[in-house]
Structures are given as structure tokens and as C-alpha cells.
Amino acid sequence: MGPDLRGMSIAVLGGDARELVVIEKLSSLGALIKVMGLPVKDLPGVTVIRNPEEELSGIQALILPVPGIDDNGCLYCPLAAGPLNLNMEWLDRIQPNIPVFVGLAKPKLAQIAAQKNLRLIETMKLDEVAILNSIPTAEGAVQMAMEMLPVTIHGCKALVLGFGRTGATLSRLLGAMGARTMVAARRPGYLARITELNLIPVPFYKLDEYLYDIEIIFNTVPVLVLTEEILRKVSPEAVIIDLASAPGGTDFRAAEVLGIKAVLAPGLPGKVAPRTAGMILAQVISRLLLEEMGR
Ligand code: NAP
């Protein structure tokens, strides 16, 4: 038997199917898990929090939903019976310096964390999570493209903007499916790698030369790259799937005016493959907790 989390007390507040997988994994490692805002199964060591002020004191780690909280302080908890606020008095009960896991901290949570001295760990920023999550993201993006396009992926002219963790996986998938795949990147090293993969490299500064007959554009760059000026060179028949985190990298208003179908597609791993996304999260959280415990 490998290292375990026996004796470790962990709270999970809100979340979705991904956190249910995390709870299963932590329970299998022997942790004591207190849960609120999620319908949990009867598992060893798992209890539902009834009196948060009392039960949260003494926890050694806190797991928040991947999207954290909204601007009003509401935890993301689509499976709960009703809304759940991240109560400031609960946070006063937890020891400073315990790890607090979240996918990505939006400004409101970042501000609370600074105020309350919370040690936030943003799992989606870790390479091991981002690279593995790029697999369901790429599959989900292709699924959307298949639903939106009147032609097959095979043989279609596709453009991927960005060759980071998501862009690289998606480009390879499109190439393997037989799309004529162009990939826009800035770094000469990335352009060389794109060539090596038998895909078509597009230096970002020359983007406007490649746009006129593209059928599908996937954006992974988290800044405004599909500006009105660029969109004017895109065919109105083209479809844009913007994967970058909100607000995306597309001028959606300009796209609408120009008659180009453009959609922002956030949170694909949790939507298209919640169990895989949960397993990725469970793997990294349990590894980090074992490190915390020195096991
Ligand atoms: P990443 O590894 O950091 O890749 C980002 C890419 O954007 C890099 O190739 C980077 O190029 C490029 N880039 C950044 N600024 C640029 C600019 N001004 N001009 C041209 N290129 C620029 O990030 P990632 O993990 O692939 O994630 C990409 C985005 O997708 C993020 O917003 C992330 O939150 C989001 N995401 C969404 C989903 C979903 O389900 N929709 C899933 C996962 C991630 P350089 O290396 O040259 O800087």
C-alpha cells in the first residue's frame, strides 16, 4: 500500500461532478472529508457539514469549486439544493496557511484570499493539470466544430491561434483528423515545432495573409487577437470557437456585425468529460496533499 491521507481533515465546499470524483479519491486514501453543497455518496470518512462554524475549525485543507465564487461571493454549486455563499465567518475559523484549492481565482476570491491570508493554490495554472485538461478541451472543441460546420473536419481549412498547452493538443488532434491545420504562434521555436508536426505554421504578425478561406478558427490566446480589423478579412461563412478564458480573444460584437458565427466556449473539460476532468483534479490534489503531509 502506498502513502495515504489517514487522519487528514479536509473540507469541500460546493463544486460539481469533478469534486465528487476528488472526494472519492480522497476517501480511498483515508482522509476525513466534510462536505457542503454537493450530494455525496455514502463513503468511508465522508460527512455532510451541518454546523460549518464549528466543523470547519481544525480542517487541514479546503477545496473550493474549480470556478470558485462569483462576484457576489456565491460558490459554484450547480448540484446543491440552493445557492451557497462563501461565508466570511467560516473563513475566520480556518487556520491561516492551510492550502485552499480552486481552479482559477477570479478577482473577488483573490481579494478575499489576500484579506484573510488564505494560501490559494490555483490548480488550472499548474502545467500537469493544464496539459491533461487540454485533452478533453480539444475533444470538446472538435465536437462543437462538428456540430457547427456543414463540412467534415477532414479536409476543412482550420486555423488555431496559439500553440500553448491547449493550442498544441488541439492542433495535433485536428491534423490527425485530416484537417488542413494552420497554427499561429509568435515564437520561432513553436513555428519550427508546428512544421515538424506536419502542420502549417503561421507567424502571428502575418495572420491577416491566411484568413480569407479559413472555415474554422479556434482561439486559445487569452488576449484580443481577433480584432475587428482581422475579422474583416475572415469569410462570413467561417465559424469561430473561442476557448480562451472570458472575455475570450474575439471582438464578438464586430463578429456579429460582420455576420460571422463566433462563440465563447468556456469550461469544456467539466462539460464534455466531467469524470476525466475530476480524475485529473483528484490526482493533482491528492499528490499535493500527500506532499503537505510529508508522506
Ligand atoms: P498557455 O499554455 O499559456 O498558451 C497560451 C498561448 O497564447 C501561448 O501560445 C502564447 O504564446 C499565446 N499568446 C499569449 N499572448 C499572446 C499574444 N498577445 N499574441 C499572440 N499569442 C499570444 O495557455 P493554455 O493553457 O493553452 O490556455 C489558453 C487559454 O484557454 C486560457 O485562457 C485558458 O484559461 C483557456 N482554457 C480554456 C478551456 C476551455 O474549456 N475553454 C480549457 C483550458 C484552458 P507565447 O508563448 O508566445 O506567449
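How many of the five residues of strand 1 are buried? The close-ups below come from a predicted model, and the legend to the opening view has the answer.

**View A. Strand 1 (residues 9-13) is largely enclosed by the rest of the structure.** Five of its five residues are buried, meaning under 20% relative accessible area. Look at the side chains: S9, A11 and L13 point one way from the strand, while I10 and V12 point the other way. Whichever way they point, all of them are buried.

**View B. Strand 1 pairs with strand 2 (residues 32-36) in the parallel sense.** Five bridges hold this pairing. To get your bearings, find S9, which sits opposite L32 of strand 2. Now bring in helix 1 (residues 17-28): together with strand 1 and strand 2, helix 1 makes up a right-handed β-α-β unit.

**View C. Strand 1 is also joined to strand 4 (residues 61-63).** These two strands run parallel as well, with three bridges between them. V12 is a handy marker here, as its bridge partner in strand 4 is I63.

**View D. The ligand is surrounded by 22 residues.** The closest of them are T166, R186, R187, A265 and L268.

**View E. Ligand oxygen meets polar atoms of the protein at G164, R187 and G267.** At R187, a side-chain N or O atom is 2.8 Å from an oxygen atom of the ligand. The other two spots involve the backbone: a polar atom of G164 lies 3.1 Å from a ligand oxygen, and one of G267 lies 3.3 Å from a ligand oxygen. On its own the ligand would expose 920 Å², and the protein buries 77% of that.

Key: Residues are numbered from 1 along each chain as its sequence is written. This is a predicted model: local features need pLDDT of at least 70, side-chain atom pairs count only at pLDDT 80 or more; totals for chains, interfaces and linings use all residues. Side-chain values use heavy atoms; hydrogens and water are left out. Buried means under 20% relative accessible area, exposed over 50%, partly exposed in between (1.4 Å probe, protein chains only). Helices (H or I, at least four residues) and strands (E, at least two) are DSSP runs, numbered from the N terminus. Two strands pair if DSSP finds at least two bridges between them. A crossover is right-handed if, with the strands pointing away from the viewer, the path from the first strand over the helix to the second runs clockwise. A residue is near a molecule or strand if one of its heavy atoms lies within 4 Å of it. A polar contact is a pair of N or O atoms within 3.5 Å; within protein, one must be able to donate a hydrogen and the other to accept it, and residues adjacent in sequence count only if both atoms are side-chain atoms. Accessible areas come from the Shrake-Rupley method with a 1.4 Å probe; for residues, only the protein chains shown count as cover.
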